[in-house]
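Thanks, everyone. I will go through one structure this morning, taking the pocket, then the rings, then the charges.

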Amino acid sequence: MIIDRLENLEKYVSLNPLFKEVVDFLKANNLESLDAGKHLIKGEDVFVNIQEAKGKTRGQAVMEYHKSYIDIQIPLTANETYGYIPTVELPEAEFSVKVDMAKVPCILGRCYVTCTPSMFVIFFPQDGHAPCICDKTELRKAIFKVKVS
């Protein structure tokens, strides 16, 4: 997991060559003006989901993980907190290849990090994360999905 300010995202391009597609997209687009839903950037290798989610408490947030995609999550309208636990410490869960996700309910994070709308968090396949923890009833966010190289 990486957490940082948006102006530093370009420093992480060396971790995955497709991160450059995200950086270029952010320079050319205003996330706040994008409609909710999926926007392809480089086919199914890189895309962004603009999501309007319900704010949750730590106890309501569901731990999840992915195998084929890296998440770069950016809150747009409110601070968002994420629970974290290494994937290897999670119990067995049904994994959906179609949506590249397993959800593991009833697991609290080992630790929590909070992003403001000027920040991002990157979750790799080894990072279990519980998103959408927010004291607002609704939260608008961008979730970039980047194929693992």
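**Pocket, rings and charges**

By class, the lining of the largest pocket comprises eleven nonpolar, five polar and twelve charged residues. Please keep in mind that this is a predicted model. The pocket has a volume of about 490 Å³. Its lining holds 28 residues, and those nearest the centre are Glu64, His66, Val99, Met101 and Lys145. Which elements give two or more residues to that lining? They are strand 3 (46-54), strand 5 (69-75), strand 8 (101-104), strand 11 (127-133) and strand 12 (138-147).

Now the rings. The whole structure has five aromatic pairs, and I will show two. Tyr12 and Phe120 are edge-to-face, 5.9 Å centre to centre, with 75° between the planes. Tyr12 sits in the loop between strand 1 (2-5) and helix 1 (19-28), while Phe120 belongs to strand 10 (residues 119-123), so the pair links distant parts of the chain, 108 residues apart. Both Tyr12 and Phe120 are buried.

The second pair is Phe47 with Tyr69, again described as edge-to-face: 5.6 Å between centres and 70° between the planes. Here strand 3 supplies Phe47 and strand 5 supplies Tyr69, 22 residues apart. Are these two rings buried or exposed? Phe47 counts as buried because its relative accessibility is 7%, and Tyr69 counts as buried at 11%.

Phe47 has another neighbour: Lys38 lies over the face of the ring, 4.3 Å from the ring centre. A further case of this kind is Lys67, whose charged end sits over the ring of Phe95 at 4.4 Å from its centre.

On to the charges. A search of the whole structure gives nine salt bridges, and I picked three. Arg5 and Glu7 meet through their side chains at 2.9 Å, N to O. Arg5 is partly exposed at 37% relative accessible area, and Glu7 is exposed at 56%.

Next, Lys27 bridges to Glu10, with the closest N and O atoms 3.3 Å apart. Lys27 is in helix 1 and Glu10 is in the loop between strand 1 and helix 1, so this salt bridge ties together parts 17 residues apart in sequence. Lys27 is exposed at 59%; Glu10 is partly exposed at 48%.

The last one joins Lys141 and Glu80, at 2.6 Å, N to O. Lys141 lies in strand 12 and Glu80 in strand 6 (residues 80-86), 61 residues apart. Where the cut-off for buried is under 20%, Lys141 counts as buried at 1%, and Glu80 is buried at 0%.

Technical notes:
Residues are numbered from 1 along each chain as its sequence is written. This is a predicted model: local features need pLDDT of at least 70, side-chain atom pairs count only at pLDDT 80 or more; totals for chains, interfaces and linings use all residues. Side-chain values use heavy atoms; hydrogens and water are left out. On a 1 Å grid over the protein atoms alone, a cavity is a set of points where a 1.4 Å probe fits but cannot get out, and a pocket is an open set with protein on both sides within 12 Å along at least five of seven lines; lining residues have an atom within 4 Å of a point. Grid points are joined across faces, edges and corners, and a volume is the space filled by probe spheres set on the points. Helices (H or I, at least four residues) and strands (E, at least two) are DSSP runs, numbered from the N terminus. Ala, Val, Leu, Ile, Met, Phe, Trp, Tyr, Cys and Pro count as nonpolar, Asp, Glu, Lys and Arg as charged, and the others, Gly among them, as polar. Rings of Phe, Tyr and Trp (its six-membered ring) pair if their centres lie within 6.5 Å; planes under 30 degrees apart count as stacked, over 60 as edge-to-face and the rest as tilted. Buried means under 20% relative accessible area, exposed over 50%, partly exposed in between (1.4 Å probe, protein chains only). A charge sits over a ring if NZ of Lys or CZ of Arg is within 6 Å of the ring centre and within 35 degrees of the ring normal. A salt bridge is a side-chain nitrogen of Lys or Arg within 4 Å of a carboxyl oxygen of Asp or Glu.
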